[in-house]
Amino acid sequence: MTYRLHTFHANSAGRRVRTALHLKNIPFEYVSVDISPGSQEQLGAAYGAINPMRLIPALEHDGVILTESLAIIEYLEELHPDPALYPSDPMKKAQVRAFAMTVAAAIHPLNNTRVIKFLGQEYQFDQAAVAKWYINWADKGLFALETLVARAGTKGPYCFGEAPTVADLFLVPQYMNYQKLGLDLTAYPRLKAIVETCNAHPAFIKAAPENQPDFPADA
Ligand SMILES: N[C@@H](CCC(=O)N[C@@H](CS)C(=O)NCC(=O)O)C(=O)O
């Protein structure tokens, strides 16, 4: 069984998958797709043949391609069930998936680079208007995530209890992006504590941008 993950150090959706691979101790080949503005490899013909949506990550398993981080992680979960990244209780499992989808479907797409770029290029949004757009969706999303964690009512230290689940995999990259951009995150203390716990876990550390082979030496 060989896995090839098309990703980039600054690929928050890919970081979700990298964390799952490391938690499950699954070896994989790291295939770097440089999505930085100066390169935009995702727009070239070679990557277009991998993912017609031209987004990373994509996983190749024995030559077959799978896209979308949540689908990839759930596929890995089926083939490598230990350690489980979903609770076995059907309602809890659905709640973990709902948390992950809040990030993947309701927050991240609105603040993705291509969307932000489009607002500037097609609608002449200036920097202030772009920032307003970005912060609006970030705040709504973080409020929802903080509330979902509170509602889960566990003692932690992870989103849904004592062990990492898919929810934590999706929370960390999103939260870290907002932290890096200097957003005020003081209204979300539960998320902060969970992210701190995750950032001390070896699998999350291995998946972090600065530990990827394409992370620039001078960054
Ligand atoms: N829903 C996708 C999102 C993937 C995604 O948006 N990837 C971003 C980087 S985090 C990307 O490839 N951006 C390149 C671009 O916007 O052109 C998933 O979960 O895999």
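**Domains, core and ligand shell of a predicted model**

Biologist: How does the radius of gyration of the chain agree with that of a compact globule?

Modeller: This is a predicted model. For 219 residues, a compact globule would have a radius of gyration near 17 Å. The chain agrees with this, because its own radius of gyration is 17 Å.

Biologist: Which secondary structure elements make up the chain, and in what pattern?

Modeller: The chain comes to nine helices and four strands. Read along the sequence, these elements follow the pattern β-α-β-α-β-β-α-α-α-α-α-α-α.

Biologist: Into which domains is the chain assigned, and what distance separates their centres?

Modeller: The domain assignment gives domain 1 (3-83) and domain 2 (90-204). Taken over C-alpha atoms, the centres of domain 1 and domain 2 are separated by 20 Å.

Biologist: Which element supplies the largest share of the side of domain 1 that touches domain 2?

Modeller: In the contact between the domains, 12 residues of domain 1 meet 14 residues of domain 2. On the domain 1 side, α1 and α3 each supply at least two residues. The largest share, eight residues, comes from α1.

Biologist: Where does the largest nonpolar core lie with respect to the two domains?

Modeller: This core has 49 residues, and those touching the most other members are Val166, Ala167, Phe170, Leu171 and Leu191. Elements giving two or more residues to this core include α1, β3 (58-61), α3 (69-79) and α7 (166-180). Because domain 1 (3-83) and domain 2 (90-204) both give residues to this core, it lies between them.

Biologist: Which element gives the most residues to this largest nonpolar core, of which Val166 is a member?

Modeller: Leaving aside residues up to four places away in sequence, Val166 touches Ile73, Leu85, Tyr86, Val96, Arg97 and Ala100. Val166 is among the members of the core that touch the most others, and α7 spans 166-180. The element that gives the most to this core, with eight residues, is α7.

Biologist: Which elements give two or more residues to the shell around the ligand?

Modeller: The ligand is surrounded by 14 residues, the closest being Ala13, Leu55, Ser69, Thr113 and Arg114. The elements that give two or more residues to this shell are α1 (12-23) and α5 (113-123).

Biologist: From which domains does the shell around the ligand draw at least three residues?

Modeller: By class, the shell has six nonpolar, six polar and two charged residues. At least three residues of the shell come from each of domain 1 (3-83) and domain 2 (90-204).

Definitions and conventions:
Residues numbered from 1 in each chain as written. Predicted model: local features only at pLDDT ≥ 70, side-chain atom pairs only at ≥ 80, totals over all residues. Near = placed C-beta within 6 Å. Nonpolar A, V, L, I, M, F, W, Y, C, P; charged D, E, K, R; others polar. Domains from an automatic or database assignment. Core = buried A, V, L, I, M, F, W, Y, C linked by C-beta atoms within 7 Å. Buried ≥ 20, exposed ≤ 12 C-beta atoms within 10 Å, placed from the backbone. Contact = placed C-beta atoms within 7 Å. Rg over C-alpha atoms; globule rule 2.2 N^0.38 Å.
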